[in-house]
Amino acid sequence: LEDAKMIPIAEPNLGEEELENIIDVVKSSWISSKGRYISKFEREFSKYCEVKQGVAVSNGTVALHLVLKSMGIGKGDEVIIPSLTFIATANAVSYCNAKPIFVDSHPDYWCMDSEKIKEKISDKTRAIIPVHLYGHPCDMDTITDLADDYGLYVIEDAAEAHGAEYKGRKTGSLGTVGCFSFYGNKLITTGEGGMCVTNDEELADRMRLLRDHAMSDDNTYWHSTIGFNYRMTNLQAAIGVAQLKKIDGFIERKRKIANRYSKGLNDLIGGDLIDIHPEMSWAKCVYWMYSILLEERDNLAKVLEKKEIDTRPFFYPMHYLPPYKNNEKFHVAERLSKVGINLPSSTVLKNKDVDRIVQVIREALS
């Protein structure tokens, strides 16, 4: 173990097809935000998500911002989000001069607790952003039924959940719109990049307008409103097209890695030792980051680091962070943040690497 190579928390799984597509783009000279791979990637990814429209953008954060702006959400509006998420979810709301309203996590599957949303709805609420945390989908029926009752948008933050399923339906197809990230550590990657997917054609057209400086298709350099430069490049999309062909294999590998972790740690579950990454009966988790909970999280991270095994702690709850600090108590989110740790989860991770990590964890907890 002492001489073993460092095992990273995540790394992209790239091959010859990605390289061939990049060479094709370079030879064509269409390396910026025009070129055939962009529309191809939009069509194929939205089809994969079982929706009609795809709008490619420069990253996952701007995907959220673009959706919110296209919906007309702005000053005085409120958007309900989980407290336990990456800060981009909250920031995208703030970019619109709207206010993020936080909800606690569910203890069984770690995502936003759908039963606690109703008490946060006010006459200022415009949307709910459920986050499919670490690859596990939210309880979407309860959320969408509530949104229908109150006339709210549902914006899925699926940045960590490409291909995850809720009752057999793909994430991204469950709300008004789904937002994805293709950052280098995501299930499929374009380096940076993101996508908004929806069945709402009017909303998709609005997003396409705003992502390109709100410039008219018919009258060059005529801008009807203030837009953004949120375009994806043809180079990025070329990688995405190749990655998408492999996504089912990537998901299968993620699930096999998760199963190997779970079997290796199964007898440590409960008591004062650990809890492992959940998967509810109604969900297909893609285990973007395979995660465990244990009280001695920080000590374990130090042991793993000494053995050249990379880890990450869970996100800080939003209500802990200076821009969003408040005095509310979200006990589940706070505990998850304190005891949660992400283990190496790359699709290129070998079985022997998983076994090595399990062995180190077992020795550390013995």
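## From Ile-80 to Val-154

In this predicted model, Ile-80 stands opposite Ile-128 in strand E4. That pair belongs to the link between strand E2 (residues 78-82) and E4 (residues 125-128), which run parallel and are joined by 3 bridges.

Ile-128 is a handy residue to follow further, since we can pick up the trail again at E5. Here Ile-128 stands opposite Val-154 in E5. E4 and E5 run parallel too, with 2 bridges between them.

## Strand E8 and its neighbours

Strand E5 (residues 153-157) also pairs with E8, again in the parallel sense, over 3 bridges. If you would like a place to look for this pairing, try Asp-157, whose bridge partner in E8 is Cys-179. E8 has a link to strand E9 (residues 194-198) as well: the two run antiparallel and are joined by 5 bridges. Within that pairing, Gly-178 has Val-197 of E9 as its bridge partner.

How many residues of strand E8 are buried? The count is 5 of the 5 in residues 177-181, so the strand is largely enclosed by the rest of the structure. The cover extends to both faces of E8. On one side, Val-177, Cys-179 and Ser-181 are buried, and on the other side Gly-178 and Phe-180 are buried. Two of these residues have already appeared above: Cys-179 as the partner of Asp-157, and Gly-178 as the partner of Val-197.

## Helices H1 and H7

Now for some helix packing. Two packed helices are described by the angle between their axes and the distance between the axes. For helix H1 (residues 16-28) and helix H7 (residues 234-244), the axes come within 8 Å and cross at roughly 150 degrees. Angles over 145 degrees count as roughly antiparallel, and therefore H1 is roughly antiparallel to H7. The crossing of H1 past H7 is right-handed.

Which residues make the contact? H1 supplies Glu-17, Glu-18, Asn-21, Ile-22, Val-25 and Val-26, while H7 supplies Asn-234, Leu-235, Ala-238, Ile-239, Val-241, Ala-242 and Gln-243. Sorted by class, the contact has 8 nonpolar, 3 polar and 2 charged residues.

## Helices H9 and H11

A second helix pair is formed by helix H9 (residues 297-306) and helix H11 (residues 351-365), which pack at an angle of about 130 degrees with their axes 10 Å apart. That angle makes H9 oblique to H11. As H9 passes H11, the crossing is right-handed.

The contact is made by Leu-300, Val-303 and Leu-304 on the H9 side and by Val-360, Ile-361 and Ala-364 on the H11 side. How do these residues divide by class, and how many are nonpolar, polar or charged? The contact of H9 with H11 has 6 nonpolar residues, no polar ones and no charged ones.

## An open antiparallel sheet

One more sheet is worth a visit. Here 4 strands form an open sheet in the order E10-E12-E14-E13, with antiparallel pairing. Which strands sit at the edges? They are strand E10 (274-276) and strand E13 (312-313), each of which pairs on one side only.

Edge strand E13 meets its neighbour, strand E14 (residues 340-342), in the antiparallel sense over 2 bridges. To find this pairing in the viewer, look for Arg-312, which stands opposite Asn-342 in E14.

Conventions. Residues numbered from 1 in each chain as written. Predicted model: local features only at pLDDT ≥ 70, side-chain atom pairs only at ≥ 80, totals over all residues. Heavy atoms only, no water. Buried < 20%, exposed > 50% of the residue type's maximum accessible area, 1.4 Å probe, protein only. Pairing = 2+ DSSP bridges. Axes fitted to C-alpha atoms, helices over the stretch in contact; angles between N-to-C directions. Parallel < 35°, antiparallel > 145°, perpendicular 65-115°, else oblique. Left-handed = near helix turned anticlockwise from the far one by under 90°. Contact = heavy atoms within 4.5 Å. Nonpolar A, V, L, I, M, F, W, Y, C, P; charged D, E, K, R; others polar.
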